[in-house]
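Colleague: I should like to go through this structure step by step. Would you please guide me through it?

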Amino acid sequence: MLRLSNINSYYGEVQVLRDLSLEVNKGEVITVIGANAAGKSTMLSCISRTVTSFTGEIEFEGERIDLLRPDQVVERGLIQIPEGRLLFPKLTVRENLELGAYNKRSRAGRKEGLEYVYSFLPKLKEREGQMAGSLSGGEAQMCAIGRGLMANPILLMFDEPSLGLAPIVVLEIMELIKNIQKEGVTVLLVEQNVRQSLKLADRAYVIENGRILLEGTGTELLNSDQVKKAYLGI
Ligand SMILES: Nc1ncnc2c1ncn2[C@@H]1O[C@H](COP(=O)(O)OP(=O)(O)O)[C@@H](O)[C@H]1O
Ligand SMILES: [Mg+2]
């Protein structure tokens with residue numbers, strides 16, 4: 001469904017992604033794990049086309065998307081949930097959710113979208129009139145995910161959704177991602193939380209200094225000595 005081929009990306013003179021190739025098949029949860037500054041967010045931003053300084057090819061559903069504008073990528077159903085949630089703190093939960101549906105793809109169905117998101121995430125319904133700035137970390141992440149769902153995604157990209165959350169809340173978010181997969185949405189997840197995100201993954205990649213170092217099923221990587229030593233401290 002999504003294929004990155006030989007991506008090299010640059011910020012000015014500095015190269016971040018190095019000959020990076022990966023594939024996401026329809027219906028999969030793919031996890032990309034890597035340390036801080038490995039290039040995870042840059043990779044997602046290349047796909048979303050909010051970063052454009054890269055070479056290589058990106059294909060989505062059989063068509064090149066690496067020359068499209070960010071809004072055109074969204075229209076194709078490729079939606080990125082940004083690192084750090086990026087909600088509007090002075091807008092309500094409902095207003096933040098509605099902002100997720102400001103594209104042609106989802107505008108028509110905005111009301112149905114909201115009902116769908118509330119049925120999927122009832123906690124957000126309870127909080128709909130509350131300012132997003134007053135949510136707990138876990139609720140804010142749910143709101144960011146809800147906003148992503150409002151865009152009616154085919155493939156949803158998560159950028160470190162577990163960042164800063166208590167372990168029990170991380171489990172809740174991972175469960176939610178699993179349920180999103182069950183709804184038929186394909187998932188590309190980048191994480192530093194190796195254990196939980198590999199448990200969830202159908203397949204996974206390890207990225208180090210902008211390069212793919214390892215790939216395999218979630219279980220294979222969880223059991224790999226390299227991953228254990230470098231990321232799990234065992
Ligand atoms: N807008 C930018 N301008 C210059 N350098 C950047 C920019 N964004 C990220 N970087 C650098 O690119 C590298 C990869 O960053 P990033 O993709 O954010 O990694 P990760 O998401 O894995 O933590 C880091 O060294 C970071 O400092
Ligand atoms: Mg990042």
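Modeller: Certainly; please bear in mind that this is a predicted model. Let us begin with strand β1 (residues 2-11) and strand β5 (residues 54-60), which run antiparallel and are joined by six bridges.

Colleague: Which residue in β5 is the bridge partner of arginine 3?

Modeller: Strands β1 and β5 are joined by bridges, and arginine 3 takes part in this pairing with β5. Its bridge partner there is glutamate 59.

Colleague: Which residue in β6 stands opposite glutamate 59?

Modeller: β5 is also joined to strand β6 (residues 63-64), by two bridges and in the antiparallel sense. The two strands form a hairpin with two residues between them, and glutamate 61 in the turn has a positive phi of about 50°. Opposite glutamate 59 in β6 stands arginine 64.

Colleague: Which strands stand at the edges of the open sheet of six strands?

Modeller: The order of this sheet is β7-β8-β9-β4-β10-β11, with mixed pairing. An edge strand has a single partner, so one of its sides is left without a neighbour in the sheet. The strands at the edges are therefore β7 and β11 (211-217).

Colleague: By what angle are neighbouring strands of this sheet turned against each other on average?

Modeller: The value is an average over neighbouring strands of the sheet, and direction is ignored. It is 15°.

Colleague: In which sense do β8 and β9 pair, parallel or antiparallel?

Modeller: Strand β8 covers residues 155-159 and strand β9 residues 186-191, with five bridges between them. Within this pair, leucine 156 stands opposite valine 187 in β9. The sense of the pairing is parallel.

Colleague: Which strands does helix α11 touch?

Modeller: Helix α7 (residues 137-150) lies across β7 and β8, at about 165° to β7. Helix α11 (residues 225-232) also packs on the sheet, and its direction makes about 55° with that of β10. The strands touched by α11 are β4 (29-33), β10 (203-208) and β11.

Colleague: Is methionine 157 buried or exposed?

Modeller: Methionine 157 is found in strand β8. Leaving aside neighbours within four places in sequence, methionine 157 is in contact with several residues, including Leu44, Ile47, Leu78 and Leu188. The relative accessible area of methionine 157 is 0%, and buried means under 20%, so methionine 157 is buried.

Colleague: How is glutamate 160 classed, buried or exposed?

Modeller: Glutamate 160 has its place in the loop between β8 and α8 (167-182). Not counting residues up to four places away in sequence, glutamate 160 touches Lys40, Glu83, Arg85, Val190, Glu191 and Gln192. Its relative accessible area is 3%, so glutamate 160 is classed as buried.

Colleague: Which residues are the protein donors of the magnesium ion (ligand 2)?

Modeller: The donor atoms are an OG and an OE, lying 2.0 to 2.4 Å from the ion. The pair links distant parts of the chain, 42 residues apart: one residue is in helix α1 (residues 40-48), the other in the loop between β7 (78-81) and α3 (93-99). The donors are Ser41 and Glu83.

Colleague: What is the volume of the largest pocket?

Modeller: Among the 25 residues that line the largest pocket, the closest to its centre are Val74, Ile79, Gln80, Ile81 and Pro82. The elements giving two or more residues to the lining are α1, α2 (70-75), β7 and α7. The volume of the largest pocket is about 490 Å³.

Key. Residues numbered from 1 in each chain as written. Chains lettered and ligands numbered in written order. Predicted model: local features only at pLDDT ≥ 70, side-chain atom pairs only at ≥ 80, totals over all residues. Heavy atoms only, no water. Donors = N, O, S within 2.8 Å, 3.2 Å for Na, K, Ca; no water. Helix = DSSP H or I, 4+ residues; strand = E, 2+ residues; numbered from the N terminus. Pairing = 2+ DSSP bridges. Axes fitted to C-alpha atoms, helices over the stretch in contact; angles between N-to-C directions. Contact = heavy atoms within 4.5 Å. 1 Å grid on protein atoms, 1.4 Å probe; cavity = no way out; pocket = protein on both sides within 12 Å on 5 of 7 lines; lining within 4 Å. Points joined across faces, edges and corners; volume = space filled by probe spheres on them. Buried < 20%, exposed > 50% of the residue type's maximum accessible area, 1.4 Å probe, protein only.
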